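Thanks, everyone. I'll keep this brief: first the ligand site, then the enclosed spaces. Please have the model up as I talk.

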Amino acid sequence: MQPPLIEVRDVWKIYRNCEVPVEAVRSVSLAISSGEFVAISGASGSGKSTFMHVVGCLDQPTRGSYTFEGREITRLDRKQLAALRNKRIGFVFQSFNLLGRTTLQDNVALPLAYQRVPLRARRRRAAEVLCELGLGDRLKYFPNQLSGGQQQRAAIARALVTRPALLLADEPTGNLDTERAAQIMSLFTELNEKDKITVIVVTHETDLAAYAGRHIVFSDGRIISDETRPDGGQSEGIRTR
Amino acid sequence: MSPLTVIYEAFISLSHNKVRTGLSVLGIVIGIASVIAMVAVGEGARQRVERQIESLGDDWLTIRFWGMQRGGVNRQQGVQPYLAESDADAIGSECPAVRAATPSNTMRVQVVSSFRNHQTSVQGVYPDYFDIRRWRTVEGRLFTDDDMIALRRVCCIGQSSAAELFGGVYPIGQTIRVNRITFEVVGLLETKGTGGEGRDFDDVILFPWRVFQRLVAGNEISQTMYAAAAHGAPLSIAREQIRALLRQRHRLTKEENDDFRVVDRSVAAQASAETTRTFNWLLMTIACISLVVGGVGIMNVTLVSVTERTREIGTRMAIGANGTHILGQFLTEAVVLCAVGGLFGFLGGVLVAQLVSWRLGWDVLISTWMALLAILFSTVVGLTFGFYPAWRASRLDPIEALRYE
Ligand SMILES: Nc1ncnc2c1ncn2[C@@H]1O[C@H](COP(=O)(O)OP(=O)(O)OP(=O)(O)O)[C@@H](O)[C@H]1O
Ligand SMILES: [Mg+2]
C-alpha cells in the first residue's frame with residue numbers, strides 16, 4: 001500500500017493572542033490517501049477552518065506532526081511553504097478572493113506567474129482550465145461582471161491551474177444558492193473521479209457532504225466521527241438528486 | 001514573477017486610483033523639479049564663473065603700492081615713495097618670467113559727451129594692458145604705442161560707459177570731454193561682464209598712459225601696475241621676480257617689509273568660484289529636503305495601499321507568493337510611482353529653469369545627465385521610502401491577511 005498523501009499526527013492549534021488560550025484544534029490525527037474525496041462538517045467554531053489552514057500549509061500547527069507527500073511540513077520555512085502551496089495545493093475560499101481589476105484569465109494565470117511561466121504559456125493554460133469549467137467565453141471579464149457561481153468556478157480554475165495533488169475548499173458553497181452549490185459539488189466529484197485529484201471540502205450542509213466518499217465531523221476541535229461510505233460516494237442516488 | 005509582469009501589475013494597480021496616485025506623485029514631481037532647477041541654475045552659475053575666470057585670464061598679476069605699511073620707519077632720501085612708470089618699464093624689461101607690464105592710474109570723474117554726462121572710471125594704461133588683460137575691441141581699434149608717443153587724444157570705451165554716454169549711437173568717432181579736454185573714441189571694447197562684488201568691468205574708459213597722466217591725472221604716480229607672465233612661465237616665478245626687482249629698486253633693507261603688494265587675480269576668482277559652490281550646495285540641500293518630503297508622501301500612500309490590500313496579499317500568499325514576491329510587488333509600485341514623478345519632475349525642472357533664465361536673466365545649464373540624475377534620484381527615493389511598507393506587507397501572516405476585513 002502506498003503511503004497516504006496527508007498524514008496528520010496529534011496536531012494541536014492553540015491561539016494565545018486572547019486572554020484565555022483557545023484550543024482550536026486538539027490532538028487531531030488523520031490520514032488521507034491520494035484520490036480520496038473528503039467532506040468535513042461540524043458546528044461553527046469547531047476548528048474546521050483552522051484544520052484546513054494547517055493542511056493547506058497556510059499555517060503551522062502549534063504541536064504535532066504533519067506530512068504531505070512524505071515531507072514533514074512543520075520543518076519547512078515560509079518560502080518553502082509558499083512554493084508547496086503554489087505547486088501542490090489548490091485552495092478555494094468561501095468568498096472567492098479573486099483579484100478585482102484583473103481579468104478572469106489573468107486571475108487564473110496568477111499562480112503560474114509565481115512559477116515564472118512565460119505570459120503566453122500561462123494565459124493559454126488559464127484559458128484551457130477556464131474552458132474546462134465552462135467559462136471559456138468569459139476570459140476577459142472582470143470578477144464583478146460575473147455571478148457568484150461563475151466566480152467560484154473561476155476560483156476553482158485558479159486552484160487547479162498548476163495541476164495540484166490536493167484541492168482544499170473551505171465552505172466553497174457558503175455564498176451560493178442551493179442549485180449553484182450542487183453544481184460546485186458535482187464539479188468536485190468530477191475532478192476527483194476524472195483527474196484523480198484529492199479533494200477536501202468543508203461544508204455545513206449534510207446533503208452536500210453526501211457527495212463525498214468520506215465524511216469527517218469536527219466538534220470542539222476534535223474529530224468525533226470519520227465514516228467512509230462502502231461505495232466510495234459514487235452511488236447513483238446522490239448524483240442524480 | 002518576471003520583472004515585466006511585476007511592473008505591468010504595478011501600473012495596473014496604480015492606474016486604478018488615479019487621484020491618489022496623482023497626488024502622491026505630485027510631491028515627487030515637485031521634489032525632482034526643484035532638484036533639477038537648482039542643479040540647472042547652479043551649473044549655469046558655475047559655468048559663468050568659469051567663463052569669467054577664463055575671460056579675466058589667470059596669468060596676470062596686480063601690483064599695488066602699499067607704502068603706508070612702513071609705519072614710522074624713515075624713508076631713505078631719494079627713494080620714490082610710490083610706484084612709477086619706470087618700475088613698470090623695469091619689470092617689463094628685466095623680469096624674464098614677465099611678458100608685459102604696464103603702469104595704471106584710475107580715477108572717477110565726470111565725463112561729458114554731446115548727449116549726456118556720466119560719472120565713470122577713467123584709466124590710463126600702456127597699450128600692453130590690452131594684451132595683459134586679453135581685451136579686444138568689437139568696434140574700431142585699440143590705441144597703440146604710436147598714439148601714446150604722439151600724445152593723441154584718443155580713448156577706448158567699455159560697453160556700459162558707451163551705452164550711458166551715447167545711448168544707441170555708434171560710439172566710434174564720437175568725442176568725450178574730461179577736464180574740458182576733448183578726446184576721440186577710437187575703440188569699443190568687448191564686454192567683460194560683472195565681477196563677483198557686482199563691479200561692472202565694462203563701465204570704464206581707457207586712455208594712453210602718457211596722455212592720461214598729462215591731461216587727466218596731472219602727475220606721474222602709478223597707483224597700480226599690471227604684469228602678465230611670459231607664456232609657459234608659472235605665475236609664482238613671475239611674482240617672485242617682480243618682488244625681488246621692486247625691493248631692489250625701492251632700496252628696501254632686509255628688515256623692511258615690502259612697500260607694495262603683488263596680488264594674484266586668480267585668488268579672487270577662486271574665492272568667487274568657492275562662493276558659487278557653497279551657494280549651489282545650499283540650493284541642493286533645500287531641493288533634497290523637498291524631495292524627502294515627497295518621499296514621505298510615497299511611503300504614506302504605499303502604507304495605505306498595503307493596508308487596503310491586505311486580503312489581496314493574503315490571497316496571493318495562499319496561491320504561492322512568498323515574502324520576496326510581495327516585497328517586490330510593493331517596492332515596484334513605489335519605484336514606478338517615483339519614476340513617473342521623476343519624469344514629470346525633470347520636465348517641470350527644465351521649465352522652471354527656463355523661466356528663471358527668461359525672467360531673471362540668470363544663466364542656467366540643462367544637459368542630458370540631469371535627466372539621468374532625475375531617474376536615479378527618483379528611483380533611490382522610491383526604494384528608500386517604499387521599502388518599509390513593502391517589507392511590512394511581505395511579513396504578513398497569510399491567514400491573518402486573509403481574515404482582514
Ligand atoms: N486568529 C485567531 N485568534 C484567536 N482565536 C481564533 C483565531 N482563529 C480562530 N480562532 C478560534 O478558533 C476556533 C476555531 O475556529 P475556526 O475558524 O477553525 O472554526 P470553524 O469550524 O471554521 O467555524 P465556522 O464554521 O464558523 O467557519 C474558534 O473558537 C475561533 O474563535
Ligand atoms: Mg470556518
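H1 of chain A gives the largest share of the shell around ligand 1, with three residues. This is a predicted model, so please hear every value as computed from it. Helix H1 (48–55) of chain A is joined by strand S2 (22–32) of chain A; each supplies at least two residues of that shell. In total, 16 residues surround the ligand. The closest are Ser44(A), Gly45(A), Lys48(A), Ser49(A) and Thr50(A).

Is the site shared between chains, or does it belong to a single chain? It is shared, because residues from chains A and B surround ligand 1.

Now the chemistry of the shell. By class, it has eight polar, five nonpolar and three charged residues.

Here are some contacts to look at. Ser44(A) places a polar side-chain atom 2.5 Å from an oxygen atom of ligand 1. Gly45(A) uses its backbone: an N or O atom there lies 2.8 Å from a ligand oxygen. For Glu171(A), a side-chain N or O atom is 3.4 Å from an oxygen atom of ligand 1. How much of the ligand does the protein bury? Taken alone, ligand 1 exposes 630 Å², and the protein buries 73% of that.

On to the cavities. There are two of 30 Å³ or more.

Start with the largest. Its volume is about 160 Å³. It has 15 lining residues. Nearest its centre are Leu14(B), Arg20(B), Thr21(B), Ser305(B) and Glu333(B). Which helices of chain B each supply at least two lining residues? They are H1 (3–15), H2 (18–56), H9 (265–308) and H11 (323–359). H9(B) has the largest share, four residues. By class, the lining divides into six polar, five charged and four nonpolar residues.

Next, the second largest cavity. This one holds about 50 Å³ of space. From chain A, its lining includes Arg85(A), Asn86(A), Phe91(A), Pro111(A) and Arg158(A). From chain B, Ala318(B) and Ile319(B) also line it. In chain A, helix H2 (78–88), strand S6 (89–92) and helix H5 (148–160) each supply at least two lining residues. S6(A) gives the most, with three. Here the classes split into six nonpolar, three polar and two charged residues.

To recap the two linings: H9(B) has the largest share in the largest cavity, and S6(A) gives the most in the second largest. As for the ligand site, remember that it is shared between chains, with residues from A and B around ligand 1. That's it from me.

Methods:
Residues numbered from 1 in each chain as written. Chains lettered and ligands numbered in written order. Predicted model: local features only at pLDDT ≥ 70, side-chain atom pairs only at ≥ 80, totals over all residues. Heavy atoms only, no water. Near = heavy atom within 4 Å. Polar contact = N/O pair within 3.5 Å; in protein donor to acceptor, adjacent residues only side chain to side chain. Areas by Shrake-Rupley, 256 points an atom, 1.4 Å probe, with all protein chains shown as cover. Nonpolar A, V, L, I, M, F, W, Y, C, P; charged D, E, K, R; others polar. 1 Å grid on protein atoms, 1.4 Å probe; cavity = no way out; pocket = protein on both sides within 12 Å on 5 of 7 lines; lining within 4 Å. Points joined across faces, edges and corners; volume = space filled by probe spheres on them.
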